[in-house]
Amino acid sequence: MDNDISRRTFTQLAGLGALSAALPGVAGAEAESDPAVVAASGRTFPRGFLWGTATASYQVEGAVTEDGRGPSIWDTFSHTPGKTVNGATGDVADDHYHRYKQDVQLMKALGVKVYRFSIAWPRVFPQGTGSPNPKGLDFYNRLVDELLANGITPFATLYHWDLPQALQDNGGGWESRNTSEAFGRYAGYVAQHLSDRVKHFFTTNEFGAFVELGYAIGIHAPGLKLPPARFNQTRHNAVLGHGLAVQAIRANAKPGTKVGLAENMTICVPVIEDEANIRAAERATREMNAPYMTVIQEGKYTDAYLERTGADAPKFTAADLKVISSPLDFTGINIYTPTWVRADASPSGFTPVPNPASYPHMASSWLTIGPEALYWGPRNVAKLWKVKEIYITENGCSSSDVPAADGIVYDTDRVMYLRNYLSQLQRATADAVPVKGYFLWSLMDNFEWADGYTNRFGLHYVDYTTQTRTPKLSARFYRETIRRNAVA
Ligand code: GBH
């Protein structure tokens with residue numbers, strides 16, 4: 001009845017011709033048998049677009065003392081009272097270390113072509129440096145083999161925040177250049193042993209998170225609040241570590257191995273899409289990412305960054321800058337929220353616009369909604385730095401997921417979020433922005449860092465008492481999107 005009424009209303013509004021053209025696009029079976037219908041929807045992705053999902057070692061693996069793994073700064077931090085919600089730790093997490101075969105089957109059912117996971121440095125080098133632990137690397141050998149046997153291409157991240165505790169204890173972790181150098185050695189070792197099967201490596205995940213939150217704000221491991229000069233040096237050591245890893249991978253990997261990084265840049269979006277604001281957002285992209293992405297892409301710190309930090313600016317050499325800006329094969333961007341930017345008459349030519357109090361967000365209060373971030377993020381990266389290969393290495397959202405009586409989580413808000421963001425990503429590919437793939441965060445609910453297990457980001461609901469994984473409505477949405485290669 002309700003449907004009849006709304007159909008009738010729609011007919012009146014749109015005219016009968018529009019209605020009959022629109023209806024087949026809604027019916028999955030007909031869309032499948034008639035490619036013209038999907039094309040007519042205007043939301044198709046380029047042929048061969050790489051659909052994927054992502055996770056990270058400490059957030060899913062558990063098994064923190066198994067097979068010779070050394071402690072990481074996140075073990076220490078999460079076991080320190082008061083640091084995570086409800087004292088949550090990654091001791092068990094999703095028990096992925098033991099259940100990875102089952103988890104690969106979840107990916108297969110989604111139809112993903114690629115999977116982004118991270119390697120736990122303290123499994124491979126329990127002390128961060130020195131002797132490797134072959135049993136630790138073996139887990140990733142098994143995982144990679146299982147993925148390939150199921151037709152899924154592995155993309156490996158070398159550092160998603162689980163720094164070996166020994167490196168923190170000796171020299172202060174990323175505060176020391178020794179850590180940058182140890183990271184290079186670890187990256188070279190992994191590349192040497194996995195690059196016969198893993199052809200894509202990301203060095204680090206999100207300087208903008210682990211350096212800022214870990215060493216300045218103190219809400220992530222190792223929980224420090226360094227004064228500005230030491231903190232800016234830590235930023236520098238982190239990007240230097242990235243560059244050393246790029247070089248070590250090139251030196252040790254099989255031919256054809258590609259290297260990039262996954263960075264949660266500040267995504268500057270013009271408040272209005274006119275010439276002046278679009279230029280302002282481009283300028284803002286360079287300046288607001290000066291300590292990380294900009295120095296990596298350009299091989300220099302911007303003048304404004306050096307002026308802003310003044311006497312607290314990092315100490316560096318020209319040789320450092322050369323290492324930091326070692327050429328990359330691709331750039332990965334993690335995109336969740338926009339930073340709205342407008343043009344102004346200041347020397348910088350831009351001003352970030354704070355969100356009004358009423359601004360909508362997902363379950364995590366920081367996760368403000370702005371689908372256009374998935375258009376302007378990659379577009380500005382391609383334009384500013386002539387990047388030819390871009391991946392969206394993370395995008396997704398938290399929702400206050402509660403299973404319904406039938407056991408399914410009907411996460412309509414996550415579906416809404418994804419549909420809107422993916423529509424903007426499709427717009428980017430239609431405008432020839434070279435985005436080659438998309439990794440949805442996350443395959444399943446997992447340890448959300450300081451938020452513990454309270455904020456769920458998964459396509460699969462995890463019951464942490466039984467470790468049961470159940471696909472949410474959003475998993476069905478994503479499977480359908482992948483099947484059509486178009487926004488479903
Ligand atoms: C990514 O970070 C991470 O790569 C991933 O591990 C994580 O699970 C996922 O996103 C979802 O969060 O506590 O208010 O100060 C995204 C960037 C940086 C967003 C830290 C949350 C903390 C905000 N994150 N930030 S707050």
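I'll start with how the chain is connected in space. Among contacts between residues at least 6 apart in sequence, 76% join residues at least 24 apart. Please keep in mind that this is a predicted model.

Now the overall build. The protein contains 20 helices and 13 strands. Its radius of gyration is 23 Å, close to the 23 Å that the globule rule gives for 488 residues, so the protein is as compact as a globular protein of that length. The C-alpha trace spans about 70 × 60 × 45 Å along its principal axes.

Next, inside and outside. Of the 488 residues, 56% are buried. The exposed area comes to about 19,200 Å², and carbon and sulfur atoms supply 55% of that area. As for charge, there are 47 positive and 49 negative side chains. The centres of these two sets lie 4 Å apart.

The rest of my time goes to the aromatic rings. How many aromatic pairs does a search of the whole structure find? The search gives 49. A pair of aromatic rings is described by the distance of the centres and the angle of the planes. I'll take two examples.

The first example is Tyr58 with Trp449. Why is this pair called stacked? The ring centres are 6.3 Å apart and the planes are at 20 degrees, and planes under 30 degrees apart count as stacked, so the pair falls in that class. Tyr58 sits in helix 5, residues 57-60, while Trp449 sits in the loop between strand 11 (435-441) and strand 12 (460-463), so the pair ties together parts that are 391 residues apart in sequence. Are these two residues buried or exposed? Tyr58 is buried, with a relative accessible area of 2%. Trp449 is also buried, with a relative accessible area of 5%.

The second example is Tyr159 with Phe183. Here the ring centres lie 6.1 Å apart and the planes stand at 75 degrees, so this pair is edge-to-face. Tyr159 belongs to strand 3, residues 153-159, and Phe183 to helix 11, residues 177-194, so the pair ties together parts that are 24 residues apart in sequence. Both Tyr159 and Phe183 are buried.

This second pair is part of a wider group. Which residues do ring pairs link into a cluster with Tyr159 and Phe183? They are Trp121, Phe125, Trp174, Tyr186, Tyr189, Phe207, Phe210 and Tyr292. When you turn the model on the screen, Tyr159 in strand 3 is one place to begin looking for that cluster.

Conventions:
Residues numbered from 1 in each chain as written. Predicted model: local features only at pLDDT ≥ 70, side-chain atom pairs only at ≥ 80, totals over all residues. Heavy atoms only, no water. Helix = DSSP H or I, 4+ residues; strand = E, 2+ residues; numbered from the N terminus. Rg over C-alpha atoms; globule rule 2.2 N^0.38 Å. Buried < 20%, exposed > 50% of the residue type's maximum accessible area, 1.4 Å probe, protein only. Contact = heavy atoms within 4.5 Å. Areas by Shrake-Rupley, 256 points an atom, 1.4 Å probe, with all protein chains shown as cover. Lys, Arg positive; Asp, Glu negative; His and termini not counted. Charge placed at Lys NZ, Arg CZ, Asp CG, Glu CD. Phe/Tyr/Trp six-rings, centres within 6.5 Å; stacked < 30°, edge-to-face > 60°.
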